[in-house]
Amino acid sequence: MGKPVAIQGIRGSFHHQVAQDYFEENQIVLECNTFDSTIDSLISGKSDYSIIALENSIAGSIIPNYALIDSNDLEISGEYYLDVQHHLMALPNQTIEDIKEVQSHPMALLQCKVFLKTLPWIKLVEAKDTAAVAMEIRDANLKGVAAIGSKSAAALFGLNILAQSIQTIKHNETRFAIVQRKDNNAGSKPFNKASLKFTLDHKRGSLATILNVMSDCKLNLTKIQSVPIIDVPWKYAFFVDVTFADKKDYIKAKSILQIMAEKFKVLGEYKNAKL
């Protein structure tokens, strides 16, 4: 077994669930407080992989995480889609009416916004990690405080579930990237999806031209995200995901895009998890 897989959060978190599902059930995990620290563990060699949430079907993209992968020159080697079911949980022998405060990660609070509006007396408090809140409720015996998290977190920390599947949209998926240090042999592995980054000149039709190249080369654009370039006002980088049936089509498109786009970069080539 190699070095640990770095996750943002602790055991019982959704990142931990992805580590268990994507890798072996007994895979060693390195718990990290922030996404930055999971990346630091990769760069320092403390871990071989890092699991990074990239987007959610309700709340959208987590843009800073794209920048983390890009700016540290790391590589996306895989992806995983997790059906995220959020549950409201608290210490035993309490009802929802007893709860005065709900603590959770900002993304979890956003994904459960409609349900939480039905509880106007409850104070919402942002926290770093869903499972860490559940653990703190148990350790500090916090009555009147609830967490939002997974069923595994409730079981792990001995909390009762007061309301199940409270996310606004019942089918709620989060896409996670499996990130590693650059691997010179990555291109030899089978892949049918790629994550790319490029910038463009401020010229009329420049983005349309790039998209036409992708279409002509039979690439399916599954994601496009613009991100501001911090030191150049009003100029944007584009992060795109493409899938393809024939690797030759992708290689042809890549060679054209390298000429047409500014600062073209491949962030990862890997298997499409949605097949």
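H86 is buried in this predicted model, with a relative accessible area of 3%. The residue is found in the loop between β5 (75-83) and β6 (87-90). The strand that follows, β6, pairs with β9 (residues 145-149) in the antiparallel sense. Elsewhere, the structure holds 2 cavities of 30 Å³ or more, and the largest pocket holds about 260 Å³ of space.

**H86 and its surroundings**

- H86 counts as buried because its relative accessible area of 3% falls under the 20% cut-off.
- Leaving aside residues up to four places away in sequence, H86 touches F14, A108, Q111, C112, I148, G149, Q164, S165, I166, Q167 and N172.
- Two of these contacts, I148 and G149, recur as bridge partners in β9: I148 pairs with L88, and G149 pairs with H87.
- F14, another contact of H86, is also among the residues closest to the centre of the largest cavity.

**The sheet around β6**

- An open sheet is built from 5 strands, in the order β8-β7-β9-β6-β10, with mixed pairing.
- β8 (123-126) and β10 (160-163) stand at the edges; each has a single partner strand, so one side of each has no neighbour in the sheet.
- From one strand to the next, the twist averages 35°.
- Helix α6 (residues 130-140) packs on this sheet and touches β6, β7 (101-104) and β9. The direction of α6 makes about 150° with that of β9.
- Strands of a sheet pair through backbone hydrogen bonds, either parallel or antiparallel.
- β6 and β9 are antiparallel, over 3 bridges.
- β6 and β10 also run antiparallel, joined by 3 bridges.
- On the β10 side, M89 has I161 as its bridge partner.
- In a regular strand the side chains alternate between the two faces of the sheet.
- In β6, H87 and M89 point one way, while L88 and A90 point the other way. All four residues are buried.

**H16 in helix α1**

- H16 lies in helix α1.
- H16 is buried, with a relative accessible area of 13%. That value counts as buried because the cut-off is 20%.
- Beyond residues up to four places away in sequence, H16 touches I7, I10, R11 and V29.
- H16 and V29 are 13 residues apart along the chain, and their C-alpha atoms are separated by 7.6 Å.

**Cavities**

- Rolling a probe the size of a water molecule over the atoms shows where empty space is left.
- The largest cavity has a volume of about 250 Å³.
- Its lining comprises 18 residues, and F14, H15, A53, H105 and M107 are the closest to the centre.
- At least two lining residues of the largest cavity come from each of α1 (14-22), β3 (49-56), α4 (106-111) and β11 (173-180). α4 gives the most, with 3 residues.
- The lining of the largest cavity has 8 nonpolar, 9 polar and 1 charged residues.
- The second largest cavity holds about 70 Å³ of space.
- Residues lining the second largest cavity are L54, Y66, I69, I76, R175, S195, L196, K223, F239, V240, D241 and L267.
- α3 (63-71), β12 (193-199) and β14 (236-243) each give two or more residues to the lining of the second largest cavity. β14 gives the most, with 3 residues.
- By class, the lining of the second largest cavity divides into 8 nonpolar, 1 polar and 3 charged residues.

**Pockets**

- The largest pocket, with about 260 Å³ of space, is lined by 16 residues. K197, T199, P228, I229 and A237 lie nearest its centre.
- α3, β12, β13 (220-228), β14 and β15 (262-270) each supply at least two residues of the lining of the largest pocket.
- Three of these elements, α3, β12 and β14, appear in the lining of the largest pocket and in that of the second largest cavity.
- The lining of the largest pocket has 9 nonpolar, 2 polar and 5 charged residues.
- The second largest pocket holds about 170 Å³ of space.
- Of its 15 lining residues, Y22, Y49, S77, Q180 and K189 are the closest to the centre.
- β5, β11 and β15 each supply at least two residues of the lining of the second largest pocket. The largest share, 3 residues, comes from β5.
- By class, the lining of the second largest pocket has 9 nonpolar, 2 polar and 4 charged residues.

Methods:
Residues are numbered from 1 along each chain as its sequence is written. This is a predicted model: local features need pLDDT of at least 70, side-chain atom pairs count only at pLDDT 80 or more; totals for chains, interfaces and linings use all residues. Side-chain values use heavy atoms; hydrogens and water are left out. Buried means under 20% relative accessible area, exposed over 50%, partly exposed in between (1.4 Å probe, protein chains only). Contact means heavy atoms within 4.5 Å. Two strands pair if DSSP finds at least two bridges between them. Axes are lines fitted to C-alpha atoms, for helices over the stretch in contact, and angles run from 0 to 180 degrees between N-to-C directions. On a 1 Å grid over the protein atoms alone, a cavity is a set of points where a 1.4 Å probe fits but cannot get out, and a pocket is an open set with protein on both sides within 12 Å along at least five of seven lines; lining residues have an atom within 4 Å of a point. Grid points are joined across faces, edges and corners, and a volume is the space filled by probe spheres set on the points. Ala, Val, Leu, Ile, Met, Phe, Trp, Tyr, Cys and Pro count as nonpolar, Asp, Glu, Lys and Arg as charged, and the others, Gly among them, as polar.
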